[in-house]
Amino acid sequence: MNQILEYNPVKNSGGGSSGSDKIVRVFALILIIFAVCFIVIGAYGFFKKNKPENDKVSQAPIEAKIQIEKLDTTAMISVSHDKAIEKVIYKWDDDKETTDKGDGSSEKKIEIPLPAGQHTLTVKVIDVDGAETVYKETINSENGTDIINPVIELEPDGNKLRVIATDETEIAYVTYKWNNEEEVKIEERDESKKKIEFDIEILKGKNDLTVIAVDANQQTTTENRTYNGVTNPEIKITVSSDKKHVDVDCSHEKGLEKVILTVNGQDQEVPLEEDKTRLSFGFDLPEGNISLKVKATSSEQTTMEATEEIVPDEVEVPEEERHMNENIIINIERLEDDHKKAKISASYVEGIKEVALNINDVDYSVELPEENPTEIEIEELQLVEGNNRITFTVIGVNNTENVKTVELQGE
């Protein structure tokens, strides 16, 4: 007889799911927990990222409240804040700032002078945390006072100093003094009474200068400067008694750098000697009128010029020559309205047979307007720049002759 075996799986008495189902459920639960954690972390990061911006908005400092009340001759600055006021700083236009420190309160009032005319008041409030509030207002007042100080300008020019003091209303006077010397007072003003201008000589060496300007309302400005005074060269020109020779002497205590000699517009530099504090030289003069200029420059870059116009004495003409020439008249002169041109005229009652013209050793032909005229004239004779030595010769019909030489400067 065949035996039949039967297998019956053992069932849980509770009738629940298998072990694999439990494992799946555990993993699912873990995944859910991780997902929740990621969501929480993300939400926290988003909240943290946006929190500073919200904090900035909420922590923005509150500005002070500033009001300006225009009175008759003053202005009232009123300041209020939710914090203690450290200090209030104010100024008119571009003038210096004035600081008024706080007393620990959150309110402050300051009465200040009101300037006449139109001016801009700038007020800056700083609280105990260092936060600033700035306010500007332009105010126009007819009854205001003068609160603007005079202005002093100092302009050096070689060994001179020009002092210019101005005020927008009225300048009263200016004082100056070198070092600890006695003060000098200047009260001479221009027609507007708003400016005082004068020159003073800068002392040799290093010196301190104090200049004080005071306006009609006693507003005062002081300038303190130190100057190192320099001197100009000295030049002496000596012309000989016969006007044919010149001696020149130049000197400077710190030394000469350059000396330029100009004769009738022609420049030449004179070589310096070994001792550069002095230069002496002489030279013979050419014939005719001489225009002489000497310019010396020192090692301190100060300059000095000296000029001399030399006209030779007229030479005594022998009696017989004076008799020959007394009836021939020659005139050579520069035009009044044009210094680049000259005019020559000549007359002889017996009649002019021939004339000759020479300019700077160059001969020029001149045609007579008619045969043996008694008068001739050359108009608008062009001059060259510098010296023009003009010689004009007139010969009469009876061979009487006259010659005249003139030196003219062309420009």
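**Loops, sheets and a few well-placed side chains**

Gln218 is found in the loop that runs between E13 and E14. The model is a predicted one, and in it this glutamine has a slightly unusual backbone: its phi is positive, at about 70 degrees, although Gln218 is not a glycine. Most residues other than glycine have a negative phi. As for its surroundings, Gln218 is exposed, with a relative accessible area of 54%; the value is over the 50% cut-off, so the residue earns that label.

Asn264 shows the other side of the coin. Here too phi is positive in a residue other than glycine, with a value near 50 degrees, and here too the setting is a loop, this one between strand E17 (256-263) and strand E18 (266-269). Asn264, however, counts as buried, at 9% relative accessibility. A glycine with a positive phi turns up as well: Gly130, at near 90 degrees, in the hairpin of E6 and E7, where 4 residues lie between the strands.

Back to the strands on either side of Gln218. E13 and E14 belong to an open sheet of 4 strands, ordered E11-E10-E13-E14 and paired antiparallel. Strand E11 (184-186) and strand E14 (220-229) are the edges, each pairing on one side only. On average, and with direction ignored, neighbouring strands of this sheet are turned by 20 degrees against each other. Inside the sheet, strand E10 (residues 171-178) and strand E13 (residues 205-215) are joined in the antiparallel sense over 7 bridges, and one of the positions to look at is Tyr173, whose bridge partner in E13 is Val214. The ring of Tyr173 has company too: the charged end of Lys185 sits over it, 4.2 Å from the ring centre.

What aromatic pairs does a search of the whole structure turn up? There are 2 of them. One of these is formed by Trp178 and Tyr227, which meet edge-to-face, with 6.3 Å from centre to centre and 75 degrees between the planes. Trp178 lies in strand E10 and Tyr227 in strand E14, so the pair ties together parts that are 49 residues apart in sequence. Trp178 and Tyr227 are both buried.

A second open sheet has 3 strands in the order E15-E16-E19, again with antiparallel pairing. Its edges are strand E15 (234-239) and strand E19 (278-284), each of which pairs on one side only. Neighbouring strands of this sheet are turned by 10 degrees against each other on average, direction ignored. E15 pairs with strand E16 (residues 245-251) over 6 bridges in the antiparallel sense; among the residues involved, Glu234 has Ser251 of E16 as its bridge partner.

Further towards the N terminus, strand E6 (residues 117-127) can be followed from one partner to another. Strand E3 (residues 85-92) runs antiparallel to E6, and 7 bridges join the two. E6 also pairs with strand E7 (residues 132-141), likewise in the antiparallel sense, over 10 bridges. Val123 is a handy marker for both pairings: Tyr90 stands opposite this valine in E6, and Val123 in turn stands opposite Tyr135 in E7.

Two buried polar residues round off the tour. Thr302 sits in the loop between strand E20 (290-298) and strand E21 (303-310). Is this threonine buried or exposed? Its relative accessible area is 5%, so Thr302 is buried, the cut-off being under 20%. Neighbours within four places in sequence aside, Thr302 is in contact with Val230, Thr231, Asn232, Pro233, His252, Ala296 and Thr297. One of these contacts can be described in more detail: the side chain of Thr302 reaches the backbone oxygen of Thr231 at 2.7 Å. Another part of the chain also comes into view here, with 8.0 Å between the C-alpha atoms of Thr302 and Asn159, 143 residues apart along the chain.

Asn402, finally, is placed in strand E28 (residues 401-410). The residue is buried, with a relative accessible area of 13%, and its side chain reaches the backbone oxygen of Ile328 at 3.1 Å.

Definitions and conventions: Residues are numbered from 1 along each chain as its sequence is written. This is a predicted model: local features need pLDDT of at least 70, side-chain atom pairs count only at pLDDT 80 or more; totals for chains, interfaces and linings use all residues. Side-chain values use heavy atoms; hydrogens and water are left out. Buried means under 20% relative accessible area, exposed over 50%, partly exposed in between (1.4 Å probe, protein chains only). A polar contact is a pair of N or O atoms within 3.5 Å; within protein, one must be able to donate a hydrogen and the other to accept it, and residues adjacent in sequence count only if both atoms are side-chain atoms. Two strands pair if DSSP finds at least two bridges between them. Axes are lines fitted to C-alpha atoms, for helices over the stretch in contact, and angles run from 0 to 180 degrees between N-to-C directions. Rings of Phe, Tyr and Trp (its six-membered ring) pair if their centres lie within 6.5 Å; planes under 30 degrees apart count as stacked, over 60 as edge-to-face and the rest as tilted. A charge sits over a ring if NZ of Lys or CZ of Arg is within 6 Å of the ring centre and within 35 degrees of the ring normal. Contact means heavy atoms within 4.5 Å.
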